[in-house]
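Biologist: Could you take me closely through one part of this model, the largest pocket and the helix that gives the most to its lining, and then follow the chain outward from there?

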Amino acid sequence: MAAALALPAPALAQDAVLPATDKEALFTSPDPKLHRNKQAALHIVRDLLEAGHWELAETYLTERYIQHNPLVASGRARLLEAVKQWGLPIKPIPARMTSPVVAVVAEGDFVVVSFVRDMKDPRDPSRSYTTTWFDMWRFVDGRADEHWDGAEIPPMPAKAE
């Protein structure tokens with residue numbers, strides 16, 4: 001075992017992360033509460049994140065919207081301020097989502113959506129690999145009240161000498 005751990009890991013030895021064939025079907029459930037929450041998550045991804053229709057945020061996000069992403073402040077109003085500063089384009093809401101969704105899991109008040117994430121290999125920028133990104137929301141009365149994802153604070157740029 002120790003010898004195996006001492007060997008260098010092969011570069012990019014993982015299988016590619018692939019999206020589901022029928023992503024929209026993942027956002028359904030026979031349970032009415034889970035279905036409502038999954039549908040709200042679908043609209044958050046498709047209408048807000050993909051299409052930029054943040055004027056619909058009140059429909060899908062509570063006013064207090066607790067944010068656990070270290071780059072975005074809590075509160076729907078503060079999120080909307082940040083989105084405005086980012087200057088994201090507004091596009092027509094697509095009939096079907098375009099995000100590469102891998103899976104949607106709902107339990108109680110929570111919905112987790114996992115996505116394919118393409119990354120550049122930091123050891124070789126000419127290569128890339130896939131991994132998984134996630135968003136998780138806790139819903140209250142069909143609206144997202146709390147959010148988690150895998151965001152990190154980026155490192156400070158190196159100082160010029």
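**The pocket and its main helix**

Modeller: Read from the start of the sequence, the chain runs α-α-α-β-α-β-β-β-β, that is, four helices and five strands. The model is a predicted one, and its C-alpha atoms fill a box of roughly 55 × 50 × 30 Å along the principal axes. Of the 161 residues in the chain, 37% are buried, and among contacts between residues at least 6 apart in sequence, 55% join residues at least 24 apart.

The largest pocket has a volume of about 640 Å³ and a lining of 31 residues, with L49, W133, D135, H147 and D149 lying nearest its centre. By class, that lining is made up of 21 nonpolar, five polar and five charged residues. Several elements take part, since at least two lining residues come from each of α2 (32-50), β1 (61-67), α4 (76-86), β3 (110-121), β4 (124-140) and β5 (143-149). The contribution of α2, five residues, is the one that gives the most.

That helix deserves a description from end to end. With 19 residues, α2 reaches 25 Å from its first C-alpha to its last, which is close to the 27 Å expected at 1.5 Å a residue. Its N-terminal end is capped by D31, a side-chain oxygen of which lies 3.0 Å from the backbone nitrogen of K33. Beyond the other end, α2 is followed by G52, a residue whose phi is positive, near 75 degrees.

Before α2, in the loop that joins α1 (2-6) to it, lies D22. With a relative accessibility of 40%, D22 falls between the limits of 20% and 50% and therefore counts as partly exposed. The side chain of D22 makes a polar contact, at 3.0 Å, with the side chain of R96. In the same part of the account belongs V101, whose C-alpha atom is separated by 9.1 Å from that of D22, although the two residues are 79 apart along the chain.

After α2, the loop that leads to α3 (57-60) holds H53. This histidine has a relative accessible area of 16%, and because the limit for a buried residue is under 20%, H53 counts as buried. A polar atom of the H53 side chain lies 2.7 Å from the backbone oxygen of K91. Leaving aside neighbours within four places in sequence, H53 is in contact with D47 and L48 and also with I90, K91, P92 and I93. Of these partners, D47 and L48 fall within the 32-50 span of α2.

I90, one of the contacts of H53, is found in the loop between α4 and β2 (101-107). Whereas H53 is buried, I90 has a relative accessibility of 60%, and so it counts as exposed, the limit being over 50%. Residues up to four places away in sequence not being counted, I90 touches A51, G52 and H53. G52 is thus the residue with positive phi that follows α2 and also one of those touched by I90. The C-alpha atoms of I90 and E50 are separated by 8.7 Å, with their positions 40 residues apart along the chain.

Definitions and conventions
Residues are numbered from 1 along each chain as its sequence is written. This is a predicted model: local features need pLDDT of at least 70, side-chain atom pairs count only at pLDDT 80 or more; totals for chains, interfaces and linings use all residues. Side-chain values use heavy atoms; hydrogens and water are left out. On a 1 Å grid over the protein atoms alone, a cavity is a set of points where a 1.4 Å probe fits but cannot get out, and a pocket is an open set with protein on both sides within 12 Å along at least five of seven lines; lining residues have an atom within 4 Å of a point. Grid points are joined across faces, edges and corners, and a volume is the space filled by probe spheres set on the points. Ala, Val, Leu, Ile, Met, Phe, Trp, Tyr, Cys and Pro count as nonpolar, Asp, Glu, Lys and Arg as charged, and the others, Gly among them, as polar. The expected span of a helix is 1.5 Å times one less than its number of residues. A polar contact is a pair of N or O atoms within 3.5 Å; within protein, one must be able to donate a hydrogen and the other to accept it, and residues adjacent in sequence count only if both atoms are side-chain atoms. Buried means under 20% relative accessible area, exposed over 50%, partly exposed in between (1.4 Å probe, protein chains only). Contact means heavy atoms within 4.5 Å.
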